[in-house]
Every structure is written in structure tokens, then in C-alpha cells.
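This briefing addresses two topics: the pairing of selected strands and the state of selected cysteines. Please consult the sequence and structure shown below while reading.

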Amino acid sequence: MVVPVANGLPKLRVALLLPGLGRVQRGAETAFLELARGLKAFPDVRVELFGGGDDYPAGLTGHTVPCLPRERFERWPQGPVFRNEYCYEELSFVLSLISRRAFNPRRFDVAVHCSFPFTNWMLRRAEKRGGAKSVFVTQNGDWMCRAAGREYRTFRCAGLVCTNPDYYARHRTTRQAALIPNGVDPAAFRPRAGVPAFRRDPRLPADKKVVLMAGAMIPSKRVADGVRAVAKVPDAFLLLAGDGPERQAIHELAARELPGRHLLLGSVHRDAMPDLYRQADAFLHASRDEPFGIVYLEAAATGLPVVAHDGPVPRWILGDAGLFADTADAGAVAATLREALAAGPALGEAARARVLADWTWAAQAAKYREFLCDVAHKTPVAA
């Protein structure tokens, strides 16, 4: 096999694998697409994406691997290995990869993924046969990396990317690990020009403050708690982007608690998200156990005041530029939302300044490149 070279050194060949790539715009999918953009900027890296759709950004090499979407499995039985609809979707993705011979692990030095168990099992088997080194990213948590029972005891990886300091502290002494958070593109997620808020969507009211929530409608995101909190702020209007198994319950709750004061958009394309942030006055994310939370950075980069759960990861990301409350307490969240909506531009400006200093995808891609080269035992080309 002829290996491409850059400046006389072999290129680092990176594969990114995730069932939702090219098909949906969730946090992990957004992270992998932006990581691919960042890695592509380096002359000594070749990156390709493998996912279930065909909607890949221009300039990226993406491969469509048809699979069944998780929504098809929301009512299927759950148990060991098949613990939720994500596992069924992942199995269909891996079976398609194998049956269609869409992915040749020998063509890559590292294969980056965040799905368990089936993708992890496939890559580990391929690695034993001389294929790409398996690199796992904790986009969806680290329980599979530390649980000792059932299928979790089979978890293996050549490299572990920890998206927050808690995960890194747990694994730094037992695995080849690196602390690399997610990032944001501050050129795309930029503040709106002028005040009051620019309302491109005529369904949004001109006489109310708009609170944006963006996330999957699943229990861990606590969207229902956010709805109840916004309901306690009389002059607030809820704008909600996202989809998931709780969609019907959330629709019914919003109709009951926020009559005439909500707009539920369902899934929103990634290209439309920056403008969506610019139409809001504050951002609320109620999840209490977030592996990272790219939405924090997107909202902050857009110059929005951010209300988040008072936990170590949100405080690590936002610092003094965020506002925090116990998101299980609707009254406390409502009070913090009122504070955010009353805040002047200084809070949003501080949030964006924090993003520009520490949290761009260009900075995170450089850290990935260094770590992936280390895992693959390659020397990166000097900048």
C-alpha cells in the first residue's frame, strides 16, 4: 500500500465512525464533523468520515453507510447489550459496515469512535489483525470505560479521549488518555448585530424575551424541567430545538404550562443553528450530568447569557461567564433565568471572550492531532 506523505513524513490516516454522521445534528455528530474540519487543516493528516447519511459538509470526505435510525427502535425491548434504541441503531450500522465492506481498517492508522459496544468490538477485533488503532471519545459518558460487569468488562481501546477533567482523573493512570474538550467555530457562532434581538422567524414574539433550549428529548437532558422553569417567568417565550422519545410528553407539557409562549421546532439542521441562537435572549440547558455540552460553547460564542446546572463540568466550561442553578429546582432556575434576561451585554461579551481564549475547534484539533499521532506512533509534521 502506498501511504501518502507530507513534507517527507507519512500522513496520519484518521477514520471517524458514528451512525448519525451525515444524517442527524446531535452533539456527538457535531463534534466529529468539526473535529474533521480541524484535522483537515493539517498537511500531515488525512481524515475520512463514516456515517449513516450523506449530508457531509463541503470539503470533507464522507462515506454513507446505510443503517436503521434509532427512532425505529424506541419501543423495542431493552436488556443487556441492547440497553436502548442507540444500541440497535449502532448494530445496524456495524453490520452494514461489514456486509458492504465500506470500511477497511487497514487503510487507517487510527479509528475514532464514541459508540459501545458494537463499534468498539469491531474495531478492537480489526486492530488485533493489523487494522487501525481504536480511539474512544467520551462524548456520551465514560461508564463503559469503568464499569466492571456484563458487556462493559469487554471494553478496550488503544487511546481514550476524555472530554472533561472528571473523566480524565478517573482514567489517566490506567489508560493512554488525554483531556481534550469539545470546541466551537466562533466565526459561525457569532453575536447578532444590535439590540433588541433580531427575530427572523415571524412566529417569535417581539414583546417577550426568548429563552432557547437545544437538546435531545431524552430523560438525561431534563427538557421537561426546563419547560417548567420557563413557565415561571411570565415575560419569557420558550424556543425549543430537538427531538427524541419524550417528544409527545414535552409537547403536551408545553401546551399546558406555556400556552401561547412556546415554539417547538423539532430537529434543526446544523447550518441553521447559529441563526437560531442569534434570535434568543438567553440559553438554558437543564442537564445535570453532561459529558461535555457543545451547546454551552455555541450559546456563549453567540454572546448569549447561559443558564446551566450548578455542576463541575458546566462551571469548568463557562467559569464566571455563566449563571448556575440546581436545575431540579424550577423556582431557582426561573430566578436565574430572570437574572440572565435582565443582564446587560457584559455577560454575553464575557462568555464569547472565554470561548475565543480557550474553546475553539482549531485549538482542540491540534490537541487531537498530537494525541492521535502518539497513539499511532507517528511523528507529526512540524508547524
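Which residue in β13 is the bridge partner of leucine 212? In this predicted model, the partner of leucine 212 is phenylalanine 283. The points below describe strand β13 and then turn to the cysteines.

**Strand β13 and its neighbours**

- Strand β13 covers residues 282-285, and its side chains point two ways: Ala282 and Leu284 to one side, Phe283 and His285 to the other.
- In a regular strand, side chains alternate between the two faces of the sheet.
- Ala282, Phe283, Leu284 and His285 are all buried.
- Strand β10, residues 209-214, pairs with β13 in the parallel sense over two bridges.
- Strand β14, residues 306-309, also runs parallel to β13, and three bridges join β13 and β14.
- Opposite phenylalanine 283 stands valine 306 of β14.
- From β13 the chain passes through helix α9, residues 294-301, to reach β14, and this β-α-β crossover is right-handed.

**Cysteines**

- The disulfide count is zero, given that a disulfide requires two cysteine sulfur atoms within 2.5 Å.
- Cysteine 67 forms no disulfide, and its nearest cysteine sulfur, belonging to cysteine 114, is 13 Å away.
- Cysteine 67 is buried, with a relative accessible area of 13%.
- Cysteine 145 is likewise in no disulfide; the nearest cysteine sulfur is that of cysteine 157, at 6.3 Å.
- Cysteine 145 is buried, and its relative accessible area is 7%.

Key:
Residues are numbered from 1 along each chain as its sequence is written. This is a predicted model: local features need pLDDT of at least 70, side-chain atom pairs count only at pLDDT 80 or more; totals for chains, interfaces and linings use all residues. Side-chain values use heavy atoms; hydrogens and water are left out. Buried means under 20% relative accessible area, exposed over 50%, partly exposed in between (1.4 Å probe, protein chains only). Helices (H or I, at least four residues) and strands (E, at least two) are DSSP runs, numbered from the N terminus. Two strands pair if DSSP finds at least two bridges between them. A crossover is right-handed if, with the strands pointing away from the viewer, the path from the first strand over the helix to the second runs clockwise.
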